[in-house]
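Trainee: I should like to work through this protein step by step. May we begin with the structure itself?

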Amino acid sequence: MERLVCVNCGAAYPADEILYNCIKCGHLLAVQYNLDEIAVTKKVWEKRPLSVWRYRELLPVRIEPVTLQEGGTPLYHLNRLGEEMGLLHLYAKHEGMNPSGSFKDRGMTVGVSMALQLNMRSVACASTGNTSASLAVYAAKAGIPAVVLLPAGKVAIGKVAQALIHGARVISIRGNFDRALEMVHDLCLSHGLYLLNSINPYRLEGQKTIGFEAVDQLGGVPDRFVLPVGNAGNISAVYKGLLELEGLGFIDALPMMTGIQALGSSPVVRAIRENLPEVIPEPHPETVATAIRIGAPVNAEKALVAIRKTGGYAESVTDEEILQMQRDLARKEGIGVEPASAASVAGVKKLVESGVIDRSERIVCVVTGHLLKDPDTVIRQCEPPTEIDADLPSLLSALRL
Ligand code: AN7
């Protein structure tokens with residue numbers, strides 16, 4: 001049986017307690033399995049479709065899950081961009097191809113299922129956008145109410161649209177994401193809503209399947225896994241999952257976990273660079289990649305371990321580098337992602353140029369969200385369509401033919 005364990009002091013709690021922090025020391029919790037009890041083989045997994053639920057023996061859900069067929073996302077070989085960077089083995093796992101258009105669906109299929117399993121009847125989150133969209137979707141599927149708190153004016157329009165149409169109660173606060181998270185945490189503790197931010201250890205269980213799928217798709221462990229970092233939940237989750245695969249004897253090495261942040265909100269990068277014991281929050285995070293406009297990453301404690309233990313790295317990229325890579329992925333690879341997602345590939349480019357990444361490495365970049373999440377940022381970068389009179393001469397003239 002699994003249990004909840006504090007990543008700091010090791011205190012253990014039963015898996016069915018509604019807990020978001022260690023009662024003894026306040027630090028983060030993680031789900032711990034007894035790997036000796038897990039009787040599954042790679043062959044059994046391989047027979048199932050590629051999806052979050054292929055790996056159900058390593059997930060905490062014991063009921064029929066609330067699912068919309070999340071996961072099973074494509075792993076693309078970036079041959080053109082890779083060639084430009086001198087990398088033969090550069091891949092992108094396109095998490096924008098999930099039901100709500102981001103990797104959050106992996107967390108929410110598990111998180112909302114756990115809400116039901118734990119007899120919680122309403123769910124809530126704070127969000128820079130994608131978490132709220134995904135929670136709204138899975139709460140709708142489960143038939144339970146959802147409350148989402150957004151930083152006013154700082155959430156991409158597609159994400160707001162999703163949260164609204166899927167029926168969440170959408171509240172915009174005059175404050176940033178970090179404040180919204182504090183508020184929703186208080187609300188959940190005082191009013192018994194189930195908190196589904198990444199401080200919830202069960203949600204991250206779903207997200208770890210990104211790593212499982214990438215290993216299955218590649219037929220082995222990549223040398224490096226590169227993720228955009230906001231709250232640092234995803235990079236922590238992928239690392240945790242791969243540790244479990246290693247524990248089961250399914251893999252025999254771990255990838256260098258590499259996190260990329262936007263320059264204007266890069267406390268994890270700073271902590272790695274300056275070898276700090278913990279991150280120093282950035283009080284005024286700012287970036288065009290609003291998904292990762294987060295100054296006080298709640299999972300930093302886990303992420304620093306993931307990066308340090310695997311000999312990984314953390315790097316920041318400017319908004320210009322992010323947008324340039326968003327266009328490059330779109331035009332040279334046919335892959336449409338939102339700005340935060342382009343950060344991972346932009347980070348690889350930078351780290352190849354600075355010599356941190358060796359050109360022989362096999363690298364998986366997680367591109368986390370779909371292009372259509374943030375159409376405003378796309379339109380701002382592109383020439384508007386050419387409008388013409390509805391006749392052939394005008395068309396030929398516009399095309400200079
Ligand atoms: C596209 O939706 O935090 O480091 O509230 O939407 O696990 O936080 C989103 C984060 C990367 C960062 N890429 O992941 C939210 C939220 C995209 C994202 C991240 C987010 P974490």
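The questions below concern the domains, the cores, the ligand and the cysteines of this predicted model.

Trainee: How far apart do the C-alpha centres of domain 1 and domain 2 lie?

Mentor: The division places residues 1-32 in domain 1, and 75-101 together with 203-381 in domain 2. Across the boundary, 7 residues of domain 1 are in contact with 7 residues of domain 2. Between the C-alpha centres of the two domains, the distance is 27 Å.

Trainee: Which residues touch the most other members of the largest nonpolar core?

Mentor: The largest nonpolar core has 92 residues. Domain 1 and domain 2 each supply at least three residues to this core. The members that touch the most others are V123, L135, Y194 and F225.

Trainee: With which residues is V123 in contact, leaving aside its neighbours within four places in sequence?

Mentor: V123 is one of the core members that touch the most others. Once neighbours within four places in sequence are set aside, the contacts of V123 are A115, L135, A139, I144, P145, A146, V147, L193, Y194 and L196.

Trainee: How many residues does the second, separate core hold?

Mentor: This core is separate from the one just described, and its members include L90, M325, A343 and V345. Its residue count is 30.

Trainee: How much of the accessible area of the ligand does the protein cover?

Mentor: Around the ligand there are 23 residues, the closest being N130, T131, N231, A232 and T368. A polar side-chain atom of N130 lies 2.7 Å from a ligand oxygen. Polar backbone atoms of T131 and of A232 are each 2.8 Å from an oxygen atom of the ligand. On its own the ligand has 470 Å² of accessible area, and the share covered by the protein is 99%.

Trainee: Why does C188 form no disulfide with C125, and how many disulfides does the whole structure have?

Mentor: A disulfide requires two cysteine sulfur atoms within 2.5 Å. C125 holds the closest cysteine sulfur to that of C188, yet the two are 8.9 Å apart, so they are too far from each other for a bond. Searching the whole structure gives a disulfide count of 0.

Trainee: Is C365 buried or exposed?

Mentor: A residue counts as buried under 20% relative accessible area. C188, at 4%, therefore falls in that class. C365 has a relative accessibility of 0%, so it is buried.

Notes. Residues are numbered from 1 along each chain as its sequence is written. This is a predicted model: local features need pLDDT of at least 70, side-chain atom pairs count only at pLDDT 80 or more; totals for chains, interfaces and linings use all residues. Side-chain values use heavy atoms; hydrogens and water are left out. A nonpolar core is a set of buried Ala, Val, Leu, Ile, Met, Phe, Trp, Tyr and Cys residues joined through side-chain atoms within 4.5 Å. Buried means under 20% relative accessible area, exposed over 50%, partly exposed in between (1.4 Å probe, protein chains only). Domain bounds come from an automatic or database domain assignment. Contact means heavy atoms within 4.5 Å. A residue is near a molecule or strand if one of its heavy atoms lies within 4 Å of it. A polar contact is a pair of N or O atoms within 3.5 Å; within protein, one must be able to donate a hydrogen and the other to accept it, and residues adjacent in sequence count only if both atoms are side-chain atoms. Accessible areas come from the Shrake-Rupley method with a 1.4 Å probe; for residues, only the protein chains shown count as cover.
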